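Biologist: Please bring up the model together with its sequence. I should like to go through its architecture, its cores and its salt bridges in turn.

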Amino acid sequence: MKKQLLTLFSAILLAVSTFAGTPGHRNCATMENLDRLKMEDPALESRMQQIEQQSAAYVQARKNAGQNATDMVITIPVVFHIVYSSATYNISDAQCLAQLDQLNKDYARLNTDAGNTPSVWQGISANTNIQFCLASRTPAGAATTGIERRQTTITSFSTNDNVKRYANGGLDAWSSSSYLNIWVCNLSGGVLGYAQFP
């Protein structure tokens, strides 16, 4: 189940300005990125549907066995990839930990604004029993803090995923079947951030 859930959380990209509180209107580019990926890979949508079917089959199998799909707590190791061109964008470990703490609160429905859930979702909003922790081991098995950093000459990135490639000035992803990858960088074009669908 852990591996299946990790495919649901394959990558998240955050703009450094979200941590710094930069004013101005910024946009989520998740859907734009998904459209780009579908154009580049016509089989992507079919694979996404297969993941949805696998997830539904898993939940149904647990129900058929008399098990609640949310009985167990699933912990997903996270790696923050911080890519910066100047000290301004090299966020602290404390900022990463604060974001991880907020992610855990959100997934446990312990966030301070949980009471603002729109009425259409109140009947199904719940603790997901999914929690996140910093990775303690690299893919090669070495000890890690779960936070890696790279100073680069690239002053900003776009939604073309270059920040996810060492060869393009970023940092390579760790296996999405074992980790939730989160990149932190300066994003251009008014983009707040974007997430990668499975």
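Biologist: What percentage of the 198 residues in the protein is buried?

Modeller: This is a predicted model, in which local features need pLDDT of at least 70 and side-chain atom pairs count only at pLDDT 80 or more, while totals for chains, interfaces and linings use all residues. Residues are numbered from 1 along each chain as its sequence is written, and side-chain values use heavy atoms, with hydrogens and water left out. A residue is called buried under 20% relative accessible area, exposed over 50% and partly exposed in between (1.4 Å probe, protein chains only). On that scale, the buried share of the 198 residues is 35%.

Biologist: Which pattern of helices and strands does the protein follow along the sequence?

Modeller: Helices (H or I, at least four residues) and strands (E, at least two) are DSSP runs, numbered from the N terminus. The protein has six helices and seven strands. Read in order, they give α-β-α-β-α-α-β-α-α-β-β-β-β.

Biologist: Among contacts with a separation of 6 or more, what percentage joins residues 24 or more positions apart?

Modeller: A contact requires heavy atoms within 4.5 Å. Among the contacts with a separation of 6 or more, the share from residues 24 or more positions apart is 73%.

Biologist: Which element gives the most residues to the largest nonpolar core?

Modeller: A nonpolar core is a set of buried Ala, Val, Leu, Ile, Met, Phe, Trp, Tyr and Cys residues joined through side-chain atoms within 4.5 Å. The largest one has 16 residues, of which Val 78, Phe 80, Ile 82, Phe 132 and Leu 180 touch the most other members. Two or more residues come from each of β3 (74–84), α5 (93–107), β4 (130–134) and β6 (180–185). With six residues, the element that gives the most is β3.

Biologist: Beyond its neighbours within four places in sequence, which residues are in contact with Phe 80?

Modeller: Phe 80 is one of the core residues that touch the most other members. Leaving those sequence neighbours aside, its contacts are Cys 96, Gln 99, Leu 134, Gly 146, Ile 147, Glu 148, Ile 182 and Val 184.

Biologist: How do the buried residues of α4 lie around its axis, and within what arc?

Modeller: Helix α4 (residues 44–64) has 21 residues and reaches 30 Å from its first C-alpha to its last, close to the 30 Å expected, taken as 1.5 Å times one less than the number of residues. Its buried residues are Leu 44, Met 48, Ile 51, Tyr 58 and Arg 62. They line one face of the helix because, in directions from the helix axis to the C-beta atoms, they fall within an arc of 80°.

Biologist: Which exposed residues are carried by the face of α4 turned away from its buried side?

Modeller: An α-helix has 3.6 residues a turn, so residues three or four places apart point the same way. Turned away from the buried side of α4 are the exposed residues Gln 53, Lys 63 and Asn 64.

Biologist: Against which elements do the buried residues of α3 pack?

Modeller: In α3, the buried residues are Thr 30, Asn 33, Leu 34 and Leu 37. These fall within an arc of 100° seen down the axis, so they line one face of the helix. On the other side of α3, Met 31, Glu 32 and Met 39 are exposed. The buried residues pack against β2 (27–28), α4 and β7 (191–196).

Biologist: Which residue meets Arg 36 of helix α3 in a salt bridge at 2.9 Å, N to O?

Modeller: A salt bridge is a side-chain nitrogen of Lys or Arg within 4 Å of a carboxyl oxygen of Asp or Glu, and the whole structure has seven. Arg 36 counts as partly exposed at 21% relative accessibility, whereas its partner is buried at 7%. The partner, 125 residues away, sits in the loop between β5 (147–151) and β6. At 2.9 Å, N to O, the partner of Arg 36 is Asp 161.

Biologist: Which residues are linked with Arg 36 in a network of salt bridges?

Modeller: The Arg 36 and Asp 161 pair links distant parts of the chain. In the network, Arg 36 is joined by Glu 40, Asp 161 and Lys 164.

Biologist: What distance, N to O, separates Asp 101 and Lys 105 in their salt bridge?

Modeller: Being four residues apart in helix α5, Asp 101 and Lys 105 are separated by about one helical turn. Asp 101 is partly exposed at 38%, and Lys 105 is partly exposed at 35%. Their side chains meet, N to O, at 3.2 Å.
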